[in-house]
Amino acid sequence: MATAIGMTTHTQEETGLWSWLTTVDHKRIGTVYAVAGFLFFLLGGLEALAVRTQLAVPNGVVLDADRYNQFFTMHALTMIFLGVMPMGAGFFNYFIPLQIGARDVAFPRLNALSLWIFLSGGILLNASFFLGGAPNGGWFGYAPLSSIEYAKTSGMNFYVVALLVLGLSSLMASLNFAVTIINMRPPGMSMMRLPVFIWMTLVVTFLLILSLPVLTVALLQLYFDRMWGTAFFSPAAGGDPILWQHLFWIFGHPEVYVLILPSMGIVSEVLPVMARKPLFGYSAIVFAGASIGVLGFGVWAHHMFTTGLGPVPQVVFSASTMAIGVPTGIKIFNWLGTMYGGNIRFVTATYYAVAFIALFTIGGISGVMHASPPVDGQHQDSYFVVAHLHYVLVGGAIMGIFSGIYYWFPKMTGRLLDEKLGMISFWTMFAGLNLTFFPMHFLGLAGMPRRIYTYDADLGWDTWNMVATLGSYTLGIGILLFLVNFVITMRKPADAGNDPWGGATLEWATTSPPPAHNFEVIPEVRDRDPLWYDRDHNIAPAVVPEHNHIHMPPPSYFPLIISLGVLLIAVGALSHLAVTALGVVIVLYGIWGWALEPTD
Amino acid sequence: MAAATHETEHHTSTGVDNRKVMMWTFLASECLFFGALISTYLIYQGQSLVGPYPAEILNIPVTSASTFVLLMSSLTMVLAVYGAQHGRLGMMKLMLLSTILLGIGFLGFQAYEFTEFVHEGLGLTTNQFGMTFFVLTGFHGTHVFFGVLYLLSLLIASNRRTGLGRDRALHMDIAGLYWHFVDIVWIVIFTIIYLIPH
């Protein structure tokens, strides 16, 4: 079974559907994650456009109230769990091993399993549209809106089961990445020489490892409530709806940092390379990221200031929320300091990175406003909050992801995205998102509540709603232009070269796209910016031995089998016990085969 | 458990095997899982609107016996790991088998206790106590059940011609981490539900 992939034996089937389905190569898995994540991102975008079309004019008739509830709920769930997180996971998969000079992640088959379970969960969640209605209780599914009395359709069942499945995938991926980063670094790469993107990834994995189980418990309790009549969150029988909010936000607030930290990592990679000087204040940015991770677990109740927590919790959570602004602010100064005095190359990736800093700062500042309970009481459930969260998620996370796409595209495909079209796309997106989300501040302060499916004409909300809708279409056109750019670029020859930007980190030391084994020789690291150090000290790349036999793990179809079993267990949890039993049998068979499969 | 990639046989940055680091990290996640369940139990403690109430129904002597059984299983697990590390395979298998039997014994006690409670009128939906009790101890029991399956697969694998292979001690060590963790969680649950009077 041994697959020798070296300089001379570069074989094994490398194309075709089956090779992708059974792949354990982190680059292929990362590519599928990224592409699937982007497709779900487009789907979530279409849902948002439907919502904005409904709200463009007073008394809109595009969506009825029930359909509207499904669309805004699915928009959020899709963007968070199926769009931004998987696109982040795509980057993690592709670039953790490359940036730390490893040949693959610690557990390649587990990596494949995470991918297939993620896809199962995504398909399951969206299948709800055709099976009695999608989830309609908002992405945080507050009790009792999620209870069987008020959410009679199976939508919230899909919510519970699909999120459990997606959580399983995220947990396995996080464990895998954490072990990879901790344990598979090359000689010389101490923790304080890790690229900042890897550091932020490590923080993200620990946020997920420690917060997902709490969501799991909350979802299981909700499942018990809905299916078996317990009263965890149902006040009629002595349950406490606020408990759901606590459990959900103990997960939900770290999740916010799960969404933004990858983009902070990306920007910390892009800016030094484009400014052609080392990152300003490496240890400050690392410790700031780590403290965001720690503090992120201590701020959840700022989502709940209006539930009557009492003065002491309000003061504590207000203070901790303001405190988390400090490390975030440190990072912003790190990025500004990195650009300051640099010989900046203003390419599209740089534009997205700079836009990230500006827009994330706007979203961050409105976030600190919510840290004050009296102010929060005014903003709660208004469009001001919608404006805030979209500035950090679209202006922050999405801008960062696009910066990463433009920056790493040549590494992944060997092709540089078209700069001219990229610039047009960037400015269209930038104008579109500001037109969409800035007026929402005004709408919120003018009293427009979020999650209403229509409004009357005489409330003074007409103008800004129309502007926001036009902005959302502009944003959509900007993303469409990116797709055009993608198609055009992929038809061109792969002539970007191995290192078009003059990068500092190890992924630029190998070919574009990298071979299956990543590096002919595992690099040795002498500095935080290894390639720049070697360049400045005239250190030649290590000589490749004549007989270079590198063993890579063989492909495996057991991840696919186990994920099929997991999907059946989930379908059974929504339908009939017999389906679950079949799923369990398939999972057990898959684990059996997995354990006995030779891996070298 | 045999998720060996070629890489893991080489040197790792921390010197600890990838699989062992993964188990430690996974157990960190499990702490939060049980933490959330135990918190829910504590929040609903004393909130039941109707009986049976815990004081009327909990059988502390019986559960003390089952706790003793689970504690002893940790002892046999330690001895099984010791056997694996020192090449005393007979001892390893015997102690592994003992651990499995003690684990099954604990599950038997739990099945008995659940049946008794249902007979005495405490179901999943009877009151806040029933709801939180069955969900918390039920998920703990599920963990013991998967632990038994895990150890059973190691026992079966150790009787193959090749045994557990080069990584024998490591496999047993990692399984031991999981088993002790589940045991420790039970100590916390036992203390909170049975021993601390409300």
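**Exercise 1. Decide how covered helix H6 of chain A is, then check its length and its course.**

Solution.
- Start with burial. In this predicted model, 29 of the 33 residues of H6(A) are buried, so the helix is mostly covered.
- Locate it. H6(A) covers residues 196-228 of chain A.
- Check the length. The distance from its first C-alpha to its last is 47 Å. The expected value, at 1.5 Å a residue, is 48 Å, and the two are close.
- Look for a bend. H6(A) bends by about 30° at Ser211(A). A proline, Pro213(A), follows within four residues.
- Look past the end. Gly229(A) follows H6(A) and has a positive phi, near 75°.

**Exercise 2. Find which residues have the most contacts inside the largest nonpolar core, and trace the partners of Val165(A).**

Solution.
- Take the core. The largest nonpolar core has 234 residues.
- Pick its best-connected members. Val165(A) and Tyr352(A) have the most contacts inside this core.
- Assign it to domains. Domain 1 (17-540 + 548-556) and domain 2 (557-600) of chain A each give at least three residues to this core.
- List the partners. Set aside neighbours within four places in sequence. Val165(A) then contacts Ile117(A), Ser120(A), Gly121(A), Leu124(A), Val566(A) and Ala570(A).

**Exercise 3. Describe the contact between the two domains of chain A from the side of domain 1.**

Solution.
- Set the bounds. The domain assignment splits chain A into domain 1 (17-540 + 548-556) and domain 2 (557-600).
- Place the centres. Over C-alpha atoms, the centres of the two domains of chain A are separated by 29 Å.
- Count the residues. Domain 1 of chain A puts 18 residues into the contact, and domain 2 of chain A puts in 15 residues.
- Name the elements. On the domain 1 side, helix H4 (108-127) and helix H5 (155-183) of chain A each supply at least two residues. H4(A) gives the most, with 7 residues.
- Sort by type. The domain 1 side holds 11 nonpolar, 6 polar and 1 charged residues.

**Exercise 4. Why does Gly377(A) count as exposed?**

Solution.
- Find the residue. Gly377(A) lies in helix H11 (residues 373-379) of chain A.
- Apply the cut-off. A residue is exposed if 12 or fewer other C-beta atoms lie within 10 Å of its own. Gly377(A) has 11 C-beta neighbours inside 10 Å, so it counts as exposed.
- List the contacts. Leaving aside neighbours within four places in sequence, Gly377(A) contacts Phe305(A) and Thr306(A).
- Take a distance. Ser174(A) is 203 residues from Gly377(A) in sequence, and their C-alpha atoms are 36 Å apart.

**Exercise 5. Sketch chain B, then work through its helix H4.**

Solution.
- Count the elements. Chain B has 6 helices and 0 strands. From the N terminus the order is α-α-α-α-α-α.
- Draw the box. Along the principal axes, the C-alpha atoms of chain B fill roughly 60 × 35 × 25 Å.
- Add burial. Of the 198 residues of chain B, 38% count as buried.
- Add contact range. Among contacts in chain B with a separation of 6 or more, 79% join residues 24 or more positions apart.
- Test H4(B), residues 89-119. Its 31 residues should span 45 Å at 1.5 Å a residue. Its end C-alpha atoms are 45 Å apart, so the two values agree.
- Find its buried residues. They include Met92(B), Leu96(B), Ile100(B), Phe106(B) and Phe117(B).
- Find the cover. The elements over the buried residues of H4(B) include helix H2 (54-57), helix H3 (60-85), H5 and H6 of chain B.
- Look past the end. Just after H4(B), Gly121(B) has a positive phi of about 100°.

**Exercise 6. Is Arg161(B) buried or exposed?**

Solution.
- Find the residue. Arg161(B) sits in the loop between H5 and helix H6 (168-195) of chain B.
- Count neighbours. Arg161(B) has 4 C-beta neighbours inside 10 Å, so it counts as exposed.
- Take a distance. Phe139(B) is 22 residues away along the chain, and 36 Å separate the two C-alpha atoms.

**Exercise 7. Which elements of chain B touch chain A?**

Solution.
- Count both sides. The contact takes 31 residues from chain B and 37 residues from chain A.
- Name the elements. Helix H1 (18-43) and helix H5 (128-158) of chain B give two or more residues each.
- Rank them. H1(B) has the largest share of the chain B side, 14 residues.
- Sort by type. The chain B side divides into 17 nonpolar, 12 polar and 2 charged residues.

Conventions:
Residues are numbered from 1 along each chain as its sequence is written. Chains are lettered from A and ligands numbered from 1 in the order in which they are written. This is a predicted model: local features need pLDDT of at least 70, side-chain atom pairs count only at pLDDT 80 or more; totals for chains, interfaces and linings use all residues. Two residues are in contact if their C-beta atoms, placed from the backbone, lie within 7 Å. Ala, Val, Leu, Ile, Met, Phe, Trp, Tyr, Cys and Pro count as nonpolar, Asp, Glu, Lys and Arg as charged, and the others, Gly among them, as polar. A nonpolar core is a set of buried Ala, Val, Leu, Ile, Met, Phe, Trp, Tyr and Cys residues joined through C-beta atoms within 7 Å. A residue is buried if 20 or more other C-beta atoms lie within 10 Å of its own, exposed if 12 or fewer, and partly exposed in between; C-beta atoms are placed from the backbone. Domain bounds come from an automatic or database domain assignment. The expected span of a helix is 1.5 Å times one less than its number of residues. The bend at a residue is the angle between axes fitted to the seven residues ending there and the seven starting there.
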